Amino acid sequence: MQQSVLMIQLLTIYNDEKEILEGIATGQKKSLEWVYKHCFATTKKMVIKLNGDTDEAWDVFQEAVTIFYQKCSTEGIDLNCRINTYLTSVARNLWIKRFKQKITTEIPEEWDEVEDAETDVDEFLQKERDLTTLETMLDKLGDPCSKMLKAFYFNKKSMQEICTEFGYTNADNAKTQKYKCLTRLKKLFFTASANAVAKTE
Amino acid sequence: MNMSNEQMHEWVELYNLDLLEGDDKIAFEQELTTNMELRKMLSEHKAFLRLVNHKTSKELVHNQLNMIRNQKHTTVRRIADEMQVHVNKYWKTASVAASVALVASLLTFQAVKNGYEKQINTQNELLRRVVTKVNNNEKKLNTLNQSIEANTPEQPTGTSKQAGTCFVLKNNGYVITNAHVIEGFEDIYVFANNIGHKASVVKIDPNSDLALLKINEKDFTFSKAPLPYGINYKGNDMSEKVYTLGFPKSSIVYNEGYISSSTGRDDDSSRYELELPSSPGVSGSPVFDDKGNVVAIINSKESIGNSTTYALKSTELKKFLSDIDSVNFATMNQVSSLKRQQQVKAFENFVLEVKVY
């Protein structure tokens, strides 16, 4: 969707949400609580208006907050609109992209569209697709490779823990094994994504 | 450099974790410039870690949010379950008792819920108070230092909630800004030479998005010099070159452009469309023509792109001021023959930052 919906932005500096932004960037529960309390209602209203239900709104909201968190924690905190405006705009883009066939009512033209929302959502959805490919390939690897890589990268276990858990005699052995597994995984994954790109082109 | 793929991989992992230091890091980055294999390995590993990070951050947020949501819902569900039990067991004989239980449960639920919400609120408040306290002390110290030098008014405390720009309409304390900058706030401060002056609203009109403020201090003047700019109420033409001063940060910033249309968005005749870069904080900035007359007041921009900016025409300002008889806002342009740099220099003391607390 090209961004045809434009919005006028008032040129005031907003400082009162800075604390929340900082909290989000460091993943603090208090800030997430604030976001739930102040922002979920708007997303819910929007999704329901566009033929969704509360559960679907919750899914979309969780993803929107994820995008928000990833943005804050990697790009730093620089948001020139209200948190709620950003989240709703992201949620709306997500909902439209994921469930276009479900939306039967006309999408209202007048809507607060935030500049980065669509790119952020596209990037997120691309990562989601890539992650699915990666996880499929992980399963293809079979055990113990798959289990070991998951333990190290997803569950952040130390090499020492992995050593005992998988019964390696020393950390060096485990390391070599991990390297071999990861090389296999990368080969599978990057071939698959190269094929996917070739197919779409 | 001769090393096995496994060693290379270990290097890449360490580099990504930022664990390579000093000479090792330099050596690695040096190697990167020539070793294609290593470069490919690094970029692939980065892509891989990005997905790993995507998955873990997603799970973190989902888990936390679900927990937060469930906390709020368990109280509701537990009480609902209890009610169910009551109703099933005794509904024939004790419908009265059941309804009493229902009322009681609802009351309990309300109480628990209120308690919970209050808890969150106090936590937030506490946090805020601590922050304010620190700021207060800092401010107090600053104020103390300043008041030794001069008789400074009381300074605002805490961090500002919103900020924008205003400009002087009359030397004895009147400034004009956008209504949206200050609407809903009572602690309004105008900053001149880093000193905040508390101001109150004389007139506010959200429709035209204008607000007239007056500094509360007695015998106040912004400057001994007369107001340097005039106000051109006649209306200006498309393509006319304009410039502005505003506060996208805490120091004043200059920008220039031209009037690209004599109407704003959706043919709104109360505004000009300007081709002029703007960023948050410049709401309320005066727009000057070549001669140094105020022709408009910036209030908004298109959310996409950086330079389509909308400004309220000076005619709107005239309308807005027309029912304030007690004050004469007439001003004489003092700078029309000066070069732009000199004009801007003269204006600096009259275009100010406004913050609300």
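# A guided tour of chains A and B

Begin by selecting Thr309(B), which is found in strand 12 of chain B, a strand covering residues 308-313. The structure on screen is a predicted model. Colour the selection by accessibility: Thr309(B) is buried, because its relative accessible area is 0%, and buried means under 20%. Add Ser278(B) to the selection and display both side chains. They are joined by a polar contact of 2.8 Å.

**Chain B as a whole**

Widen the selection to chain B. Its secondary structure consists of seven helices and 13 strands. The chain has 357 residues, and buried residues make up 44% of them. If a contact map is available, restrict it to pairs at least 6 apart in sequence; in chain B, 64% of those contacts join residues at least 24 apart. A surface representation of chain B has an accessible area of about 19600 Å², with 51% belonging to carbon and sulfur atoms.

**Two loops of chain B**

Select Asn193(B) next. This residue is placed in the loop between strand 3 (188-192) and strand 4 (195-205) of chain B. Its backbone deserves inspection: phi of Asn193(B) is positive, at about 50°, although the residue is not a glycine. Is Asn193(B) buried or exposed? With a relative accessible area of 65%, Asn193(B) is exposed, because the cut-off for that class is over 50%.

Move to Ala225(B), in the loop between strand 5 (210-215) and strand 6 (230-231) of chain B. Ala225(B) counts as partly exposed, at 37% relative accessibility. Which residues does Ala225(B) touch, leaving aside those up to four places away in sequence? They are Asn171(B) and Phe350(B). Now draw a distance from the C-alpha of Ala225(B) to the C-alpha of Ala346(B): the two residues are 121 apart in sequence, and the distance in space is 9.4 Å.

**Chain A as a whole**

Switch the selection to chain A, in which eight helices and two strands are assigned. Traced along the sequence, the order of elements is β-β-α-α-α-α-α-α-α-α. Of the 201 residues in chain A, 47% are buried. Among its contacts between residues at least 6 apart in sequence, 64% connect residues at least 24 apart. The accessible surface of chain A is about 10300 Å², and carbon and sulfur atoms account for 50% of that area.

**Helices 2 and 4 of chain A**

Select residues 29-49 and 83-98 of chain A, which are helix 2 and helix 4 respectively. Their axes come within 9 Å and cross at roughly 40°. The two helices are therefore oblique to each other, and their crossing is right-handed. To examine the interface, show side chains on both helices. From helix 2, the residues in contact include Trp34(A), His38(A), Cys39(A) and Met46(A). Their counterparts in helix 4 include Ile83(A), Leu87(A), Arg92(A) and Trp95(A).

**Beyond helix 2**

Select Asn51(A), in the loop between helix 2 and helix 3 (54-75) of chain A. Phi of Asn51(A) is near 65°, a positive value in a residue other than glycine. Asn51(A) counts as partly exposed, at 28% relative accessibility.

**Helices 3 and 5 of chain A**

Keep helix 3 of chain A selected and add helix 5 of the chain. They pack at an angle of about 100°, with their axes 11 Å apart. Helix 3 is therefore roughly perpendicular to helix 5. On the side of helix 3, the contact is made by Glu63(A), Thr66(A), Ile67(A), Gln70(A) and Lys71(A). Helix 5 contributes Asp120(A), Val121(A), Phe124(A), Lys127(A) and Glu128(A).

**A cis peptide and a final loop**

Proceed to Pro144(A), in the loop between helix 5 (117-141) and helix 6 (145-154) of chain A. Display the backbone here: the peptide bond joining Asp143(A) and Pro144(A) is cis, with omega about 5°.

The tour ends at Lys157(A), in the loop between helix 6 and helix 7 (159-166) of chain A. Lys157(A) is partly exposed, with a relative accessible area of 27%. Not counting residues up to four places away in sequence, Lys157(A) touches Ala151(A), Phe152(A), Ile162(A) and Glu165(A). With Glu165(A), display the side chains as well: a polar contact of 3.1 Å joins the side chains of Lys157(A) and Glu165(A).

Methods: Residues are numbered from 1 along each chain as its sequence is written. Chains are lettered from A and ligands numbered from 1 in the order in which they are written. This is a predicted model: local features need pLDDT of at least 70, side-chain atom pairs count only at pLDDT 80 or more; totals for chains, interfaces and linings use all residues. Side-chain values use heavy atoms; hydrogens and water are left out. Helices (H or I, at least four residues) and strands (E, at least two) are DSSP runs, numbered from the N terminus. Buried means under 20% relative accessible area, exposed over 50%, partly exposed in between (1.4 Å probe, protein chains only). A polar contact is a pair of N or O atoms within 3.5 Å; within protein, one must be able to donate a hydrogen and the other to accept it, and residues adjacent in sequence count only if both atoms are side-chain atoms. Contact means heavy atoms within 4.5 Å. Accessible areas come from the Shrake-Rupley method with a 1.4 Å probe; for residues, only the protein chains shown count as cover. Axes are lines fitted to C-alpha atoms, for helices over the stretch in contact, and angles run from 0 to 180 degrees between N-to-C directions. Angles under 35 degrees count as roughly parallel, over 145 as roughly antiparallel, 65 to 115 as roughly perpendicular and the rest as oblique. A crossing is left-handed if the near helix is turned anticlockwise from the far one by less than a right angle, and right-handed if clockwise.
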